[in-house]
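Me: Could you take a close look at the cysteines in this protein for me? I would like to know how they sit before I think about anything else.

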Amino acid sequence: MRIGRAAGLTDTGRRRLQNEDAFVCEPPLFAVADGMGGAQAGELASSLAAAAIEERAAGLRGEEAVAALVREANGRIFQHALSNPAAAGMGTTTTLVLVDEREGTLTLGHVGDSRAYLIRAGTLTQITADHSLVADMVRSGRLTEQEAAVHPHRSVITRALGTEPTVEVDTQTIPIAPGDVVMLCSDGLSSMIADPRISEVALEDSTPDVMCERLVEAANRAGGEDNITVVVFELTEGDPPERPVTPPTQAVEEAVTAPTTEVTRPGRSVRRHGAGGGSRWPALLFLLAVLLVGALALWWGISR
């Protein structure tokens, strides 16, 4: 078995001014991060998480290594917030999937209310549990699924990366097979369209890139109240490519002892700022405009 086609797409949505989501699509590792925090701190938090994940993508194996990687991302975000008061309180969800093509397994690392779904034999199944207030209330029987969908606090999450020095990471390993399709998404998709509609769109005969586009379009048509991110990949017959594999113990040690640099190095698979990942030029032009206005104001004050 091997990973076949894969695609990812992120969109700002119709209500938000900036995109605080990020994703990684770097086979055999895939991830979605949905940031939170004011003054662009949410975008920074998700970027730090995505960069930490992508930097350690090669050679990971097993739940222990995946959990250590997520904890490292947590540490980076928390330390950055400690040293930058403007970023205090920032955090991000993270849902990470690592595929072992030779073993035929998928390992999940999960914190927050982003989701992973498995599509098998025409059935869509959520394989992560939301860490949110309403999800906890549904699990305890205090809310129905229908009540949770319209609850005023449905966006409140109970677990995130970066808000505390340590974080509890949900991990699990499940068997996978050729023909399976895996989808990751931020809650900008799942909060806009219910699972039956997600299933309807996802099960249309399409490639991963088309599936991403259709799901984003569906969320926007439903209101697009949040940033929307979708990552999809398929599993096919065939021999897996040769990929470097690091023993679990070594992978954990590398993740735990890695320097917690605050320099974000998003690779080609980390996308932010809208549907195509966008560009940094608008932000740079805005910064230049602010500097120009400041210089003119200073010149005017001196000249008077």
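How far is the sulfur of Cys 25 from the closest cysteine sulfur, and which residue holds that sulfur?

Reply: Happy to! The closest cysteine sulfur to that of Cys 25 belongs to Cys 212, and it lies 8.0 Å away, too far for a bond. A disulfide here is a pair of cysteine sulfur atoms within 2.5 Å, and by this rule the count is 0. Seen from the other end, Cys 212 is in no disulfide either, with the sulfur of Cys 25 as its nearest.

Before going on, please keep in mind that this is a predicted model, in which local features need pLDDT of at least 70 and side-chain atom pairs pLDDT 80 or more, while totals for chains, interfaces and linings use all residues. Residues are numbered from 1 along each chain as its sequence is written, and side-chain values use heavy atoms, leaving out hydrogens and water.

Cys 25 counts as buried, at 13% relative accessibility; Cys 212 is buried too, with a relative accessible area of 1%. (Buried is under 20%, exposed over 50%, partly exposed in between, with a 1.4 Å probe and protein chains only.)

Now for the surroundings, starting with a sheet. Five strands make an open, antiparallel sheet in the order S2-S3-S4-S5-S8 (strands are DSSP E runs of at least two residues, helices H or I runs of at least four, numbered from the N terminus; strands pair with at least two DSSP bridges). Strand S2 (21–26) and strand S8 (170–175) each have a single partner strand, so one side of each has no neighbour in the sheet. Inside the sheet, S4 (residues 91–100) and S5 (residues 105–111) run antiparallel, joined by 7 bridges; Thr 95, for instance, has His 110 in S5 as its bridge partner. Helix H1 (residues 41–55) lies across S2, S3 (29–36) and S4, and runs at about 160° to S3.

On to a pair of helices. H6 (residues 195–202) and H7 (residues 208–221) pack at about 145°, with axes 9 Å apart (lines fitted to C-alpha atoms over the stretch in contact, angles from 0 to 180 degrees between N-to-C directions). H6 brings Arg 197, Ile 198, Val 201 and Ala 202 to the contact (heavy atoms within 4.5 Å), and H7 brings Met 211, Arg 214, Leu 215 and Arg 221.

There is also a second open, antiparallel sheet of 5 strands, ordered S1-S10-S9-S6-S7. Its edges are S1 (2–11) and S7 (123–126). S1 is joined to S10 (residues 228–236) by 8 bridges, and Leu 9 has Val 230 as its bridge partner there.
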